[in-house]
Amino acid sequence: MNKRLKTGLLVTGAALIAAALIAPPSNPPEQPQASRSLALPDAPGVPPASAPMRTTTSLPDADTLMNRVSDNGRDTTDGSGLSARANRPVASTPAQPADTPAPEWRVETVRNGDNLAAVFQRAGLSARDVHDVVNAGDPANQLTRLFPGDELYLQVRDDEDLVGLRYAMSPTRTLHMTRDATGDWQPRVETVELERRTAEAEGRIASSLYNAGIEAGLSDRLIMELAGIFGWDIDFALDLRRNDSFVVVYETLHRDGQKVRNGKILAAEFVNRGERFRALRYETPEGESNYYTPDGRSMRKAFLRTPTDFTRVSSEFNPDRVHPVYGTKRPHRGTDYAAPPGTPIKAAGDGKIIERGSKGGYGNTVVLKHGTRYTTLYAHMRRFANGHSVGDRVKQGEIIGYVGSTGLSTGPHLHYEFRVDGTHRNPRTVDLPGAQPIAERYRDDFERQTATLIAKLDGLSPTRVAQAGD
Ligand SMILES: [Zn+2]
């Protein structure tokens, strides 16, 4: 393997895991700009993407719009402006007397540095309009947070009276505003449920997990999620080998047949150095989701393997070590992770702060107690995280301090100790207890829901291919 690639792999792996661990998969909107541009052409009455519009271009006439909207069967709710009329036969548009054409819609694209006032000004509307619109109630104040490229659809009567406004806040949520008979603005949000499908990907490691993921068609976020799911069992920075392989079953979200974005990873398998790991996503009826092994054990561990993003392990756990500063035989009861000063240090597990302060050669140190059997220690901190004190509870992954070089230390690093029943253990190799397994009351539901996923993994599993080919 090329050395640069390998370094890249290590760094990427560590960063991926770290990122995934800090922020457990929470389905952030993927590539917001892309999603927007994918989704916006779909919004009711928006012309197709192939016909890009210039600012302040009149839209097709009302009839064309109505046909478009009713053709694709959306906007079945009541509605303002186009949506409502779209559901009625084109011939009878009772909302508008036959001799008064509906005010035309125009679109304004938000530019860099724009706010609503600037957009309205370009459209020939007044500051009064801006004021009325943003003060119309909760969903309307979204209009104070516009992004470049966003499109505002404005219905203007006689070139000066704003009577309707439409704004796609996200691929699934559109703000509709209409003026009622008394002139007050009525905002409402229309939500579209995205259609869920599943997609599959498989890959084999040649240079890095990242490259293999991209080659398999996964997005950055999915690769990160994959690393996060298996990061408890596989140290992607150190354990990954050429020809390790993975398969992933994930959700894709569609609107009107067009993919809007990727969803969650539903199931995945990773074969690392011949050992096979499988993860299945399960959501309880209450909506709490997690990844489990096929037999219902949590993929998560009760402890992070590494509580900081390190550049290298600068000193291993070693009961027979000669101390680098004292020069005498002195056991090293933890692991040293070299990292730039200021790198956040995270609580390895849920626990309680039992020490926090300067502690001799350890320098600034935090000690956490986790249940009755485990304690973890974090030394040489440059400073502590704000707002904590002894006795406070912390969550796994919560920042408790920052890497430094206080106390007897030869350079910025985290000295990390892991104790089980009072005995120091090697943090890098100790068997970490799992987080809570699937609750008994969900067991049947879990097995029902995951059976098809397991069948899918069985069908995709590369070990089948290897057996056939070798
Ligand atoms: Zn140390």
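In the hairpin of S10 and S11, which has 5 residues between the strands, Gly287 takes a positive phi near 95°. This is a predicted model, in which local features need pLDDT of at least 70 and side-chain atom pairs count only at pLDDT 80 or more, while totals for chains, interfaces and linings use all residues. Residues are numbered from 1 along each chain as its sequence is written. Helices (H or I, at least four residues) and strands (E, at least two) are DSSP runs, numbered from the N terminus.

The two hairpin strands, S10 (residues 275–283) and S11 (residues 289–292), are antiparallel and joined over 4 bridges; two strands count as paired if DSSP finds at least two bridges between them. Across this pair, Leu280 stands opposite Tyr292 in S11. On the S9 side, S10 is held by 6 bridges, again antiparallel, and Glu275 in S10 is the bridge partner of Asn272.

These strands belong to an open sheet of 5 strands with antiparallel pairing, in the order S7-S8-S9-S10-S11. Its edges are S7 (195–204) and S11, each of which pairs on one side only. Neighbouring strands are turned by 25° against each other on average, direction ignored. For such angles, axes are lines fitted to C-alpha atoms, for helices over the stretch in contact, and values run from 0 to 180 degrees between N-to-C directions.

Two helices meet the sheet. H8 lies across S8, S9, S10 and S11 and runs at about 35° to S9. H9 touches S7, S8, S9 and S10, and its direction makes about 145° with that of S10. Contact here means that the C-beta atoms of two residues, placed from the backbone, lie within 7 Å.

H8 is mostly covered, with 9 of its 11 residues buried; among them are Leu222, Leu226 and Phe230. A residue is buried if 20 or more other C-beta atoms lie within 10 Å of its own, exposed if 12 or fewer, and partly exposed in between. Over the whole protein chain, buried residues make up 35% of the 470 residues.

The largest nonpolar core has 39 residues, of which Leu226, Val248 and Ala268 touch the most other members. Such a core is a set of buried Ala, Val, Leu, Ile, Met, Phe, Trp, Tyr and Cys residues joined through C-beta atoms within 7 Å. At least two residues of this core come from each of H7 (209–215), H8 (220–230), S8, S9, S10, S11 and H9 (443–460), with the largest share, 7 residues, coming from H8. Not counting residues up to four places away in sequence, Val248 touches several residues, including Leu222, Leu226, Ile265 and Ala268. A second, separate core of 23 residues includes Ala339, Leu368, Met381 and Ile400.

Leu253 lies in S8 and is buried, with 20 other C-beta atoms within 10 Å. Beyond four places in sequence, the contacts of Leu253 are Leu194, Arg196, Val260, Arg261 and Gly263. The C-alpha atoms of Leu253 and Gly263 are separated by 6.2 Å.

Two loops carry unusual backbone angles, given that most residues other than glycine have a negative phi. Asp256, in the loop between S8 (245–255) and S9 (258–272), has a positive phi of about 50°. Asp256 is partly exposed, with 13 other C-beta atoms within 10 Å. Asp421 sits in the loop between S20 (413–420) and S21 (423–425), and its phi is near 50°, also positive. Asp421 counts as exposed because it has 9 C-beta neighbours inside 10 Å.
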